[in-house]
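Here is a friendly walk through one model, with the side chains as our guide. Please keep the viewer open as you read.

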Amino acid sequence: MDIKDKRQQILDSALMLFNAQGFHGTSTASIAKAAGVATGTLFHHFPNKETLLQTLFLAVKQEFAAAIQAMASPDGPLEQQARRLWLGAIDWALEHPDKQQFFQQFSLSVEIPLALREQAMQEILGFISAMIAEGQRLGLVAELPLALMLENCHGQYLAATRFFLDHPALGQDHGHREASFRLFWRALAL
């Protein structure tokens, strides 16, 4: 196993164990054991458990953002663009329940520093900010503080995906999917 593979194996094992046992219930020794590496190898890649958690958080956020940004298209009305992104994000959550569970557990956790959460929102998910700003410019989206709107969008996403993870059949139901988008859009629109 090369260095890159070991690092990824550590991240994958951390995801599994953080989801199952929480941050405080998971030791670095248990992560290393699950990854099939020595504890010293874990510390070679990550100086402490906090750094490992934060690295995992950013990696999952980047994967999520890349997946939904690939669905983005400037074609069509803004509401249609937003629907495409929203439903794509719901699909991502249903296709990656382990990573979405990690978001559910750590997105609002004190274990993820505010600066890191803001970095993820502004740098990784910056295209969402741009879409909201464009909606404000066009008079389609309420003129409210952008940072607050982003947090509200994030909270709605976490609530909707929690619902759909708890009720996976409804995650495939057109009516429920559309209702989740309508709730999201009504919170933004004028």
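## Starting at Thr28

Is Thr28 buried or exposed? This is a predicted model, and in it Thr28 has a relative accessible area of 18%. Because the cut-off for buried is under 20%, Thr28 counts as buried.

Thr28 belongs to helix α2, which covers residues 28–35. If you set aside its neighbours within four places in sequence, Thr28 is in contact with Thr39, Leu42, Phe43 and Lys49. Lys49 is worth a second look: its charged end sits over the ring of Phe23, 4.4 Å from the ring centre.

## The nonpolar core

Which residues have the most contacts inside the largest nonpolar core? They are Phe18 and Phe102, in a core of 56 residues. As general background, nonpolar side chains in soluble globular proteins tend to be buried together.

Phe18 is a good place to centre your view. Not counting residues up to four places away in sequence, Phe18 touches Phe23, Thr26, Ile31, Lys49, Leu53, Leu56, Phe102, Gln105 and Phe106. That list includes Phe102, one of the two residues with the most contacts inside the core. Lys49, also on the list, is the residue whose charged end sits over the ring of Phe23.

## Aromatic pairs

How many aromatic pairs does a search of the whole structure find? The search finds twelve. One of them joins Phe64 and Trp92: the ring centres are 5.1 Å apart and the planes meet at 70°, so this pair is edge-to-face. The pair links distant parts of the chain, with Phe64 in helix α4 (residues 49–69) and Trp92 in helix α5 (residues 78–95), 28 residues apart. Both Phe64 and Trp92 are buried.

Phe181 and Phe184 form a tilted pair, with 6.1 Å from centre to centre and 50° between the planes. Both residues lie in helix α10 (residues 174–188), three residues apart, which is about one turn of the helix. Phe181 is buried, at a relative accessible area of 0%, and Phe184 also counts as buried, at 7% relative accessibility.

## One cluster, and a lysine over a ring

Where do these two pairs fit in? Phe64, Trp92, Phe181 and Phe184 are among the members of one aromatic cluster, together with Trp86, Phe103, Tyr157 and Trp185.

Phe103, from that cluster, has a charged partner too: the charged end of Lys61 sits over the ring of Phe103, 4.6 Å from its centre.

Terms used. Residues numbered from 1 in each chain as written. Predicted model: local features only at pLDDT ≥ 70, side-chain atom pairs only at ≥ 80, totals over all residues. Heavy atoms only, no water. Core = buried A, V, L, I, M, F, W, Y, C linked by side-chain atoms within 4.5 Å. Buried < 20%, exposed > 50% of the residue type's maximum accessible area, 1.4 Å probe, protein only. Contact = heavy atoms within 4.5 Å. Helix = DSSP H or I, 4+ residues; strand = E, 2+ residues; numbered from the N terminus. Phe/Tyr/Trp six-rings, centres within 6.5 Å; stacked < 30°, edge-to-face > 60°. Lys NZ or Arg CZ within 6 Å of the ring centre and 35° of its normal.
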